[in-house]
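Please look over the sequence and the model shown here before reading on. The paragraphs that follow begin with one helix, widen to its chain and then turn to the DNA.

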2 protein chains.
Amino acid sequence: MVVGSISEDEVDRLFRALADATRRDIVARVLVAEYSVSGLAELYDMSFAAVQKHVAVLERASLVTKEKRGREQIVRGEMDGVQNARRLLDDYERIWRRRVDRITDILAEDAEDEH
Amino acid sequence: MVVGSISEDEVDRLFRALADATRRDIVARVLVAEYSVSGLAELYDMSFAAVQKHVAVLERASLVTKEKRGREQIVRGEMDGVQNARRLLDDYERIWRRRVDRITDILAEDAEDEH
DNA sequence: GTAACGTACAACCACATGGTTGTAGGAAGC
DNA sequence: GCTTCCTACAACCATGTGGTTGTACGTTAC
């Protein structure tokens with residue numbers, strides 16, 4: 001594993017947080033620009049409290065951070081969280097490639113056995 | 001978006017499927033070698049039915065495929081599914097980099113305004 | 001000071017999820 | 001044939017999730 005510092009629970013939270021279209025949209029938006037929680041809430045056809053919960057889920061997954069500014073709470077995208085998730089999937093791809101290489105090797109040995 | 005052919009529901013299923021440690025372990029294993037469902041069930045401290053459900057979740061997320069062989073059902077890792085997930089995260093990184101580039105441009109313009 | 005705004009949080013509801021046990025059916029072994 | 005193995009699926013239960021409304025509190029504006 002490349003990302004050894006991240007616990008299974010954290011990975012659970014990470015992927016769980018990404019498994020909702022509204023939350024993915026929030027992440028995409030706050031990676032581009034800053035939004036207050038209420039600013040985000042205006043964008044979706046649901047209550048403020050619902051959006052607030054989504055932001056909380058993303059925050060627990062380290063995909064966004066909140067910073068108090070006056071009476072507003074500014075939400076920013078946390079690229080590290082996204083990269084962690086991406087690296088985990090890279091690990092799977094690496095595992096798979098190793099397998100493919102191994103099979104290729106075996107086939108090569110078999111070919112040598114032929115003669 | 002790079003992966004335009006994949007629906008929001010499919011993305012939901014994809015990340016949802018990856019948001020469980022047992023399921024991630026199953027994916028990692030079946031990417032390396034073939035397992036029957038009962039072969040997988042032996043590995044975990046839970047009922048056969050529970051493992052069967054996990055496999056079903058992974059199958060619906062296109063992360064594994066099942067193939068009947070005799071009385072067994074062989075589970076194989078589906079690398080395309082993993083790559084789809086990874087590409088989605090690449091999109092976020094791309095969004096973020098565009099933003100960083102844009103900010104860098106603005107800063108450069110400001111620097112020119114200085115003199 | 002007071003009204004309006006932005007946020008936090010609790011309580012509640014419907015529904016999905018992760019687990020269990022039990023039942024049933026097809027394939028392999030004897 | 002009969003038994004055993006592997007699988008599928010239904011029913012059930014506890015818990016979590018995504019949504020709602022209502023209440024409370026700090027901050028800004030007037």
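**From one helix to the DNA strands**

Helix α2 of chain A, residues 21–32, has twelve residues and reaches 17 Å from its first C-alpha to its last, close to the 16 Å expected at 1.5 Å a residue; that expected span is 1.5 Å times one less than the number of residues. Helices here are DSSP runs of H or I with at least four residues, strands are runs of E with at least two, and both are numbered from the N terminus. This is a predicted model, in which local features need pLDDT of at least 70 and side-chain atom pairs count only at pLDDT 80 or more, while totals for chains, interfaces and linings use all residues. Residues are numbered from 1 along each chain as its sequence is written, chains are lettered from A and ligands numbered from 1 in the order in which they are written, and side-chain values use heavy atoms, with hydrogens and water left out.

At the start of α2(A), a side-chain oxygen of A:D20 comes to within 2.9 Å of the backbone nitrogen of A:T22. Further along the helix, the buried residues include A:R23, A:I26, A:V27 and A:L31, where buried means under 20% relative accessible area, exposed over 50% and partly exposed in between, with a 1.4 Å probe and protein chains only. A:R24 also lies in this helix and is buried, with a relative accessible area of 5%. Leaving aside neighbours within four places in sequence, A:R24 is in contact with A:L18 and A:A19 and also with B:E8, B:V11, B:D12, B:F15 and B:Y92, contact meaning heavy atoms within 4.5 Å.

Chain A as a whole has five helices and three strands, and from the N terminus on its elements run α-α-β-α-α-β-β-α. The C-alpha trace of chain A spans about 80 × 30 × 25 Å along its principal axes. Its radius of gyration is 21 Å, whereas a compact globule of 115 residues would have one near 13 Å; the radius is taken over C-alpha atoms, and the globule rule is 2.2 Å times the number of residues to the power 0.38. Buried residues make up 40% of the 115 residues in chain A.

Which residues come nearest to DNA strand C? Of the 21 residues around that strand, they are A:S38, A:Q73, B:S47, B:K53 and B:H54, a residue being near a strand if one of its heavy atoms lies within 4 Å of it. Sugar and phosphate account for 64% of the atoms of DNA strand C that come within 4 Å of the protein. A polar side-chain atom of B:S47 lies 2.6 Å from a phosphate oxygen of this strand, and for A:K66 the corresponding distance is 3.3 Å; a polar contact is a pair of N or O atoms within 3.5 Å, and within protein one must be able to donate a hydrogen and the other to accept it, with residues adjacent in sequence counting only if both atoms are side-chain atoms.

DNA strand D is surrounded by 21 residues, the closest being A:S47, A:K53, A:H54, B:S38 and B:Q73. Sugar and phosphate make up 65% of the atoms of DNA strand D within 4 Å of the protein. A phosphate oxygen of DNA strand D is 2.5 Å from an N or O atom in the side chain of A:S47, and a phosphate oxygen of that strand is 3.1 Å from such an atom of B:Q52.
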